Amino acid sequence: MKRKIVVGNWKMQGSYATNEVLLHDLLSELQSCDLCCDVAVAPPSVYLDQVGRVLKDSGVLLSAQDVSAYPDGAHTGECSARMLVEMGCSMVIVGHSERRACGESDSLVALKAEAALDAGMTPVICVGETLEDRQQGRARQVVEKQVGSVIKLLSQRVKQCCFAYEPIWAIGSGQVPGVTEVSDMLQCLSGWVGGGRFLYGGSVNLHTAPSLFSIEHVDGVLVGGASLNAKAFAGIIRATNE
Ligand code: PGA
């Protein structure tokens with residue numbers, strides 16, 4: 001069985017003061033449980049250094065929320081994979097729907113995943129359909145196209161990636177797709193990719209996590225809102241054992 005993984009995506013939230021409290025509370029929550037899964041937190045890039053220092057030797061991994069597709073040079077506002085590794089990151093989220101909504105194409109997302117792998121990080125590649133796509137019966141087609149660009153570029157290396165299936169309509173909405181919808185999509189993903197780990201994301205919380213972990217093909221979860229609450233995030237981590 002694959003080792004489960006829980007990734008907390010803080011999005012554009014936090015401050016030096018609140019991060020300190022959140023991480024302190026999270027680490028004390030986790031002290032009482034054996035970490036039988038991989039846990040990562042993804043703060044905004046300006047806090048990677050702070051969060052990395054607090055997490056040092058805790059076993060909790062540091063993830064970035066995005067990475068440049070380029071190694072260095074004239075790319076104002078971006079951080080390269082090498083810089084993220086220097087900060088202590090071992091993972092990076094790429095192609096989150098909130099970034100795709102800003103114009104990131106499938107091919108750019110694939111290049112970012114490649115940059116992450118080249119630097120020794122694990123990319124968590126987000127894919128997912130809109131509500132309209134789902135209602136019109138093209139969810140699978142949309143996700144296959146998103147994944148297809150990554151497979152084309154990375155070939156066999158695609159198996160070193162994590163994929164997070166995040167239906168856009170489930171993100172921050174409190175709505176979670178049914179067991180069959182999640183299981184079917186992750187099965188497809190696993191078939192297309194042929195290896196790697198497959199996460200579900202979108203309104204994962206203390207209440208939805210246990211049933212999500214019981215779904216076949218779910219190797220982990222990508223958690224947004226609930227990762228900002230130490231008790232809720234720790235509860236989700238504990239649910240991987242149940
Ligand atoms: P959510 O966000 O858990 O708040 O729905 C998930 C995500 O966007 O990664």
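A search of the whole structure, which is a predicted model, finds one cavity of 30 Å³ or more. The volume of the largest cavity is about 40 Å³. Its lining is made up of G95, S97, R100, C126, V127, G128, Q146, E166 and I168. By class, three of these lining residues are nonpolar, four are polar and two are charged. Two elements, α4 (97-100) and β5 (122-127), each give at least two residues to this lining.

**Around the cavity: S97 and β5**

Start with S97, one of the residues that line the largest cavity. S97 sits in helix α4. Is S97 buried or exposed? S97 has a relative accessible area of 14%, and buried means under 20%, so S97 counts as buried. Leaving out residues up to four places away in sequence, S97 touches I168 and I171. Of these two, I168 is also named in the cavity lining.

Now take β5. This strand is mostly covered, with five of its six residues buried. On one side, β5 is joined to strand β4 (residues 91-94) by four bridges, and the two run parallel. On another, four bridges link β5 to strand β6 (residues 162-165), again in parallel. V124 has a partner in each of these strands. In the pairing with β4, V124 is the bridge partner of I93. In β6, V124 stands opposite C162. In a regular strand, side chains alternate between the two faces of the sheet.

**Open pockets**

The model also has pockets. The table sets out two of them beside the cavity.

| Space | Volume | Lining by class |
|---|---|---|
| Largest cavity | about 40 Å³ | three nonpolar, four polar, two charged |
| Largest pocket | about 510 Å³ | nine nonpolar, six polar, seven charged |
| Second largest pocket | about 210 Å³ | five nonpolar, ten polar, two charged |

Which residues lie nearest the centre of the largest pocket? They are S45, Q65, D66, V67 and R99, out of 22 lining residues. The elements that supply two or more residues to this lining are α4 and α5 (106-118). Helix α4 therefore has a part in two linings, since it also gives at least two residues to that of the largest cavity.

The second largest pocket has a volume of about 210 Å³. It is lined by 17 residues, and G172, S203, V204, G224 and G225 are the closest to its centre. Its lining includes ten polar residues.

**Nonpolar cores**

The largest nonpolar core holds 65 residues. Within it, V6, F163 and I236 have the most contacts. Which element gives the largest share of this core? Helix α10 (residues 230-239) does, with seven residues.

F163 deserves a closer look. Setting aside neighbours within four places in sequence, F163 is in contact with I125, V147, V150, V158, V193, R197, F198 and L199.

Apart from the largest core lies another, of twelve residues, with I93, V124, C162 and L222 among them. Three of these names return from the strand pairing: I93 is the bridge partner of V124, and V124 stands opposite C162.

**Pulling it together**

β5 ties these topics together. It helps to line the largest cavity. It pairs with β4 and with β6. Its residue V124 belongs to the core of twelve residues.

Key. Residues are numbered from 1 along each chain as its sequence is written. This is a predicted model: local features need pLDDT of at least 70, side-chain atom pairs count only at pLDDT 80 or more; totals for chains, interfaces and linings use all residues. Side-chain values use heavy atoms; hydrogens and water are left out. On a 1 Å grid over the protein atoms alone, a cavity is a set of points where a 1.4 Å probe fits but cannot get out, and a pocket is an open set with protein on both sides within 12 Å along at least five of seven lines; lining residues have an atom within 4 Å of a point. Grid points are joined across faces, edges and corners, and a volume is the space filled by probe spheres set on the points. Ala, Val, Leu, Ile, Met, Phe, Trp, Tyr, Cys and Pro count as nonpolar, Asp, Glu, Lys and Arg as charged, and the others, Gly among them, as polar. Buried means under 20% relative accessible area, exposed over 50%, partly exposed in between (1.4 Å probe, protein chains only). Two strands pair if DSSP finds at least two bridges between them. A nonpolar core is a set of buried Ala, Val, Leu, Ile, Met, Phe, Trp, Tyr and Cys residues joined through side-chain atoms within 4.5 Å. Contact means heavy atoms within 4.5 Å.
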